[in-house]
Amino acid sequence: MARRALLAVLLPALCILKLIGSSPLWGQEGDGIPLAIGFVAQNGDTAVEYFTDTIPREGDTASGLAYESAPPGHQVVYLTNLERVSNGVPPLKAAPELMDSSQFHSDWMAENDCFAHNCSNEPEWVTRIENAGYLNWRLLGENIAAGYSTADAVVDGWMGSPSHRANMLNIGFREAGGGYAFSGTATYYHYWTLDLGERNNGQGYPVYPVIINNEAWSTTDLIVDLYVHGSGWANQMRFSNEGESWSGWEAFSPNKSWTLSCGSGSPATVYARITNGSVVLQTSDQIHVDIPLSAQPNPLVFFSEQGTTPTIPSSYQLQITCCDSWSATANQTWIQLSGDSGTGSGEATVSLEGFPTNPGTHTGTITVQTQTSQEQVNVPVTLVVTDRPLLKNHVPSVASDQS
């Protein structure tokens, strides 16, 4: 009661809270299972209404969920950002503390078959967020949902409700966290939470996050788009991959194109510093780098005349593309590799030495393998030895295998 009274005084005075709401569980009117929509108003009052959802529940299992590689809670934040950006609102950073708070609540709802912001024996929702370490906050919000089996569906449902849409598009929020839990014995099976916040750091300055690719879980391109919060405060900014070397200071702009480094593998980290006078604030974000291993050209074909040592061509530059540590090995001693290991994209020189000289076709294989992901690519090597003169302009060109 004391905490609730304290909040009632402080929140309106600081203009901290606009709307705190749960998700709607929208569905066409019909004979579906009735699903609740909850709402917590600024004065602390709660209300529950009921609608129906026509999605069949019998046999609904977690195995049928349409997830991408991202955890569903993170995917909720990413999809929320797509809605924000399409509506001209800056994206949100997936804050670990809000991720923990929202996941805690989704787990609690699923395990206790409860659909509410504050389930029985659970900490009050603001306390729950603070217990997760989200302190010095100035604005908080929360959406919850039950019954939706995918992140796309739950975000669509929230965007269909004016109050929850307002939470998601509130320009005051800078950070968010998503949580999801499934229970085959709970009423609605699927339970979702989206926590939203804006806070100061320990020195009293606002937290201005940097967001990579709208908080996408992964990228297949080292060139990414950054969004830097700080408009109206910062006047300069600079960036670093993995916190090692920094770019030069430049005029502040919320949008920045940046090239990631593969030096530390995946996920890749981008650090941002923004400044206003003597005050410098630093933040960072991460993204998983999903660049499939490839080696080109592939295959490699050499030609040689019987009794001569040079080959045509004399060597190949094997281009290795990945974002991991890699090594290259050959299964024949006459296949020579120079630069047979590296980190990130690189190249290895392939030449032949001490190879068979009898006429015919001789084969071998170069295997390129990554250290962390254990991806593997085989590059066939073919040596054609002829007992007739070999004219260079008669040697067929070899096309790279792009499949």
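How many bridges join strand 14 to strand 15, and in which sense do the two strands run? In this predicted model, strand 14 (residues 268-276) and strand 15 (residues 279-289) run antiparallel and are joined by nine bridges. To find the pairing on screen, look for A272, which stands opposite T283 in strand 15.

Now let the view widen to the sheet around this pair. Strands 14 and 15 belong to an open sheet of five strands, with the order 9-15-14-11-12 and mixed pairing. Strand 9 (218-219) and strand 12 (250-251) stand at the edges; each has a single partner strand, so one side of each is left without a neighbour in the sheet. As a reminder, strands of a sheet pair through backbone hydrogen bonds, either parallel or antiparallel.

Let us move on to another sheet. Here four strands form an open sheet in the order 4-6-7-5, again with mixed pairing. Strand 4 (93-94) and strand 5 (137-146) are the edge strands, each pairing on one side only.

Strand 7 (residues 190-199) is a good place to pause. On one side, strand 7 pairs with strand 6 (residues 175-182) in the antiparallel sense over eight bridges. Two places to look are Y180, whose bridge partner in strand 7 is W192, and F182, which stands opposite H190. Strand 7 also runs antiparallel to strand 5, and nine bridges join these two; here N143 stands opposite L194.

Is strand 7 covered or open? Ten of its ten residues are buried. H190, W192, L194, L196 and E198 point one way, while Y191, T193, D195, G197 and R199 point the other way, and all are buried.

What lies against this sheet? Helix 2 (residues 72-86) lies across strand 4, strand 6 and strand 7, running at about 135 degrees to strand 6. Helix 3 (residues 96-112) also packs on the sheet, where it touches strands 4, 5, 6 and 7, and its direction makes about 25 degrees with that of strand 6.

Helix 3 rewards a closer look. Its 17 residues reach 24 Å from first C-alpha to last, close to the 24 Å expected at 1.5 Å a residue. Its buried residues include L98, M99, H105, W108 and M109, and also the polar E97, S101, S102 and S106. The buried residues of helix 3 pack against helix 2 and helix 4 (125-131), as well as strands 4, 5, 6 and 7. Just after helix 3 comes D113, whose phi is positive, near 50 degrees.

Definitions and conventions: Residues are numbered from 1 along each chain as its sequence is written. This is a predicted model: local features need pLDDT of at least 70, side-chain atom pairs count only at pLDDT 80 or more; totals for chains, interfaces and linings use all residues. Side-chain values use heavy atoms; hydrogens and water are left out. Two strands pair if DSSP finds at least two bridges between them. Contact means heavy atoms within 4.5 Å. Axes are lines fitted to C-alpha atoms, for helices over the stretch in contact, and angles run from 0 to 180 degrees between N-to-C directions. The expected span of a helix is 1.5 Å times one less than its number of residues. Buried means under 20% relative accessible area, exposed over 50%, partly exposed in between (1.4 Å probe, protein chains only).
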